Amino acid sequence: TVRFEDSLDLNKNGNPTTGKLGIDMFEATALYCFHRCPLEVGCDPRCKGFTSYEVYAGVRYYHMEIGLDGLGAGAPGAVEQSKTWVDPIVGLKGTWMLGNKWGFDAQADVGGFGAGSDFSWSVRAAVHYRPWQLASFELGFKLTDIDYTEGSGTNRFKFDALVWGPYFAVNFFF
């Protein structure tokens, strides 16, 4: 789950305007490993490291809230709007375990396809530490580009943005 929030303060022609934008993103995927091999020939992959490549499919959920207040003389009061949509996604992930506990992975996906967003894509890279068989800690960097449009004319809502930044995650394996 990711929460992004930003605000703005404007003062044009003596009319103060404030605004706030909040985006919640949640992702759920199922992965299928199509290739896994040890880094050293004849070694158990859990003891000396391995590489693996997986395809995945899932959904990315978005909930956005936008608010503007104090739009100036003659303008209506506060404007608030929220949108929620879900994108189907498909992607590819590569993992390189460098021993028992440390590893690196990278992944890329595309989604939307008009079912939610017109189109979206995401890439990320991370280093992870797995102190236990069922859990790991992950520190990485992710970019997600979203192109969402709904309605037309004065009822048109458009969100076209690149959201990016570092993240920290705890992963559980079943």
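Visitor: Why is Phe-137 called partly exposed?
Guide: Phe-137 has 30% relative accessibility, and the cut-offs are under 20% relative accessible area for buried and over 50% for exposed, with partly exposed in between (1.4 Å probe, protein chains only). The value falls between those limits, so Phe-137 counts as partly exposed.

Visitor: What kind of model is this, and how are its residues numbered?
Guide: It is a predicted model, in which local features need pLDDT of at least 70 and side-chain atom pairs count only at pLDDT 80 or more, while totals for chains, interfaces and linings use all residues. Residues are numbered from 1 along each chain as its sequence is written, and side-chain values use heavy atoms, with hydrogens and water left out.

Visitor: Where does Phe-137 lie?
Guide: Phe-137 is in strand β7. Strands are DSSP runs of E with at least two residues, helices are runs of H or I with at least four, and both are numbered from the N terminus. The chain has eight strands and one helix, in the order β-β-α-β-β-β-β-β-β.

Visitor: What makes Asp-109 buried?
Guide: Its relative accessibility is 4%. That is under the 20% limit, so Asp-109 counts as buried. Asp-109 sits in strand β5, residues 102–111. Across the chain, 32% of the 174 residues count as buried.

Visitor: How do you know that Asp-109 makes a polar contact with Tyr-56?
Guide: A polar contact is a pair of N or O atoms within 3.5 Å; within protein, one must be able to donate a hydrogen and the other to accept it, and residues adjacent in sequence count only if both atoms are side-chain atoms. The side chains of Asp-109 and Tyr-56 make theirs at 2.9 Å, so the distance is inside the limit.

Visitor: Which other residues does Asp-109 touch?
Guide: Leaving out residues up to four places away in sequence, its partners include Arg-60, Ile-89, Ser-120 and Trp-121. Contact here means heavy atoms within 4.5 Å.

Visitor: Why is Asp-118 called partly exposed?
Guide: Its 37% relative accessibility lies between the two cut-offs, so partly exposed is the right label. Asp-118 is in the loop between β5 and β6. Its side chain makes a polar contact with that of Thr-149 at 3.2 Å. Tyr-148 is 30 residues away from Asp-118 along the chain, yet their C-alpha atoms are separated by 5.4 Å.

Visitor: How do you know that β6 and β7 pair?
Guide: Two strands pair if DSSP finds at least two bridges between them. β6 (residues 119–132) and β7 have 12 bridges and run antiparallel, so the condition is met. One example is Val-123, whose bridge partner in β7 is Leu-143. A hairpin through two residues joins β6 to β7.

Visitor: What makes β7 and β8 a pair?
Guide: They are joined by 16 bridges and run antiparallel. That satisfies the rule of at least two, so they pair. Lys-142, for instance, has Gly-165 in β8 as its bridge partner. Six residues lie between these strands in their hairpin, where Gly-151 takes a positive phi near 80°.

Visitor: Which residues make the nonpolar surface patch?
Guide: Trp-132, Phe-137, Leu-139, Phe-168, Val-170, Phe-172 and Phe-174 make a patch of about 910 Å². The elements giving two or more residues to it are β7 (135–150) and β8 (157–172). β8 gives the most, with three residues.

Conventions
Patches are made of residues with over 30% relative accessible area and no salt bridge: like charges are joined within 9 Å, nonpolar side chains (Val, Leu, Ile, Met, Phe, Trp, Tyr) within 5 Å. Accessible areas come from the Shrake-Rupley method with a 1.4 Å probe; for residues, only the protein chains shown count as cover. A salt bridge is a side-chain nitrogen of Lys or Arg within 4 Å of a carboxyl oxygen of Asp or Glu.
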